[in-house]
Amino acid sequence: MPDTSLAALVRAAAARLAAAGVPDPLVDAELLAGHVLGIRRGEVQAATVRGDAVSDADAAALDALVTRREGREPLQHITGTAPFRHLELAVGPGVFVPRPETETVVQFAIDALLAAPEPDPIGIDLGTGSGAIALAMATEVPHSRIFATELSPDAFPWAERNTGGAANLTLVNEDLGEAFRDLDGTASVVISNPPYVPDAAVPRDPEVRLFDPAMALYGGEDGLDIVRVLSIRALELLRPGGLLVIEHGELQGEEIRSILTRDGWRAAATHRDLTLRDRATTALRP
Ligand SMILES: C[S@@+](CC[C@H](N)C(=O)[O-])C[C@H]1O[C@@H](n2cnc3c(N)ncnc32)[C@H](O)[C@@H]1O
């Protein structure tokens, strides 16, 4: 008789995912099992240690999800959610899956909002995707007023769905080069995780190449087309002393600092992420 314990099913799922080249096969197998069973990953691990059995229906459901993940569909599209700081965001086709690296980049914006002298400081997220950055600022700095824009008609509904409950957050479906003209000169913080991949540098991971929207990834020949727009637009949006935060690729810090400095920004500085790669550049509006 086949072993239908959860432990055996998770082991088999992890082996299939490893063979398909999935980077963290056991983690994904446990998360998919947890999704089917409606329990957290830690509870899956406890259940495997206990030797819990799984119903035929749940085993079949897990098998179907593992098949999707073998096709390198992002885990977050299969479960329908992506964790981001303290949030669980709804994600799926058409929207960029928020990344763990961005969780640390947002901290610069949150710290600046918390330190701002205004009673209700304004933070602006340009190219909000799922709404991850905007919603983190709105919920972690409840006295702030957050404004976010997303141009893609496919991504915008995801942002709407995720940010709908935040009373201090305004979302619009406009180009980041034009949005929020009425806020010019008032923002304490402008943050963006723009598309920054050079057009010819097609990402290796199938999850990114096949499932992240092109509009979220590619930023022109050197990847910095949107950064150049951001530099000009954020100078208009921020009040003097306001902070610009831009996420970018590990090799782009120097070029972004020189774009910002040429445009008149002060104290442009590049910061590393937890893997010690350049990940974000900040600058102050003079
Ligand atoms: C790398 S994704 C980041 C999404 C989200 N901020 C995050 O960190 O998960 C870049 C986002 O910018 C949006 N975008 C690209 N060009 C834009 C433009 N001109 N105006 C507004 N949004 C734009 C894309 O559709 C995409 O959702």
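# A first look at two helices and a sheet

The axes of helix α2 (residues 25-37) and helix α3 (residues 41-50) come within 8 Å and cross at roughly 95°. That crossing makes α2 roughly perpendicular to α3, a label for angles of 65 to 115 degrees, while under 35 counts as roughly parallel, over 145 as roughly antiparallel and the rest as oblique. Welcome to a predicted model, in which local features need pLDDT of at least 70, side-chain atom pairs count only at pLDDT 80 or more, and totals for chains, interfaces and linings use all residues. Residues are numbered from 1 along each chain as its sequence is written.

**How the helices meet**
- Axes here are lines fitted to C-alpha atoms, for helices over the stretch in contact, with angles running from 0 to 180 degrees between N-to-C directions.
- From α2, Glu-30, Leu-31, Ala-33 and Gly-34 meet Arg-41, Glu-43, Val-44 and Gln-45 of α3.
- Sorted by class, this contact has 3 nonpolar, 2 polar and 3 charged residues.

**Gly-34 up close**
- Gly-34 sits in helix α2; helices are DSSP runs of H or I with at least four residues, strands are runs of E with at least two, and both are numbered from the N terminus.
- Beyond its neighbours within four places in sequence, Gly-34 is in contact with Ile-39, Arg-40, Arg-41, Glu-43 and Val-44 (contact means C-beta atoms, placed from the backbone, within 7 Å).
- Gly-34 is partly exposed, because 19 other C-beta atoms lie within 10 Å; 20 or more would make a residue buried, and 12 or fewer exposed.
- Pro-142 is 108 residues from Gly-34 in sequence and 32 Å from it in space, C-alpha to C-alpha.

**The sheet**
- An open sheet of 7 strands follows the order β5-β4-β3-β6-β7-β9-β8, with mixed pairing; strands pair if DSSP finds at least two bridges between them.
- At the edges stand β5 (169-172) and β8 (266-272), each with a single partner strand, so one side of each has no neighbour in the sheet.
- From one strand to the next, the twist averages 15°.
- Strands β3 (residues 122-126) and β4 (residues 145-149) run parallel and are joined by 5 bridges.
- Leu-126 has Thr-149 in β4 as its bridge partner.
- Both faces of β3 are covered, with Ile-122, Ile-124 and Leu-126 buried on one side and Gly-123 and Asp-125 buried on the other.

**The domains**
- The domain assignment gives domain 1 (6-71) and domain 2 (82-284).
- Taken over C-alpha atoms, the centres of domain 1 and domain 2 are separated by 34 Å.

Conventions. Contact = placed C-beta atoms within 7 Å. Nonpolar A, V, L, I, M, F, W, Y, C, P; charged D, E, K, R; others polar. Domains from an automatic or database assignment.
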